[in-house]
Amino acid sequence: MQADQLAEVLKLHRKAAGLSRIQLAELAGVGKTVIYDLENGKETVQLDTLRKILKVLNITMVLTSPLMYNLAKTGNEKG
């Protein structure tokens, strides 16, 4: 996902939830500038920070790759 796509997703969900940027920041426990930066396409953010914001907005992040099938098939086996 590109930074501008993430920005649109976050903005859409925040507005649909009826939250201001400040309210979202408070609920997620992050600074208000983080929300502003992300909604304006900032490309770098700590994963933990993003996860807090996504949780408040009820957005699930899904990782996909050609290797994910192998991971699911082997479970927690260590190689």
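Which pattern does the chain follow when read along the sequence? In this predicted model, the pattern is α-α-α-α-α. The secondary structure thus named comprises five helices and zero strands.

The overall dimensions of the chain were computed next. The C-alpha trace spans about 45 × 20 × 20 Å along its principal axes. The radius of gyration of the chain is 15 Å, whereas a value near 12 Å would be expected of a compact globule of 79 residues. Of the contacts between residues at least 6 apart in sequence, 51% join residues that are at least 24 apart.

Burial and surface composition were also examined. Buried residues make up 24% of the 79 residues of the chain. The area exposed by the chain is about 6,200 Å², and 53% of this area is supplied by carbon and sulfur atoms. With respect to charge, 11 side chains are positive and 8 are negative. The centres of these two sets are separated by 4 Å.

One residue was examined for its backbone geometry. Most residues other than glycine have a negative phi. Asn58 is not a glycine, yet its phi is positive, at about 60°. This residue, Asn58, lies in the loop that runs between α4 (47-56) and α5 (68-74). Is Asn58 buried or exposed? Its relative accessibility is 70%, so Asn58 counts as exposed, the cut-off for that class being over 50%.

Notes
Residues numbered from 1 in each chain as written. Predicted model: local features only at pLDDT ≥ 70, side-chain atom pairs only at ≥ 80, totals over all residues. Heavy atoms only, no water. Helix = DSSP H or I, 4+ residues; strand = E, 2+ residues; numbered from the N terminus. Rg over C-alpha atoms; globule rule 2.2 N^0.38 Å. Buried < 20%, exposed > 50% of the residue type's maximum accessible area, 1.4 Å probe, protein only. Contact = heavy atoms within 4.5 Å. Areas by Shrake-Rupley, 256 points an atom, 1.4 Å probe, with all protein chains shown as cover. Lys, Arg positive; Asp, Glu negative; His and termini not counted. Charge placed at Lys NZ, Arg CZ, Asp CG, Glu CD.
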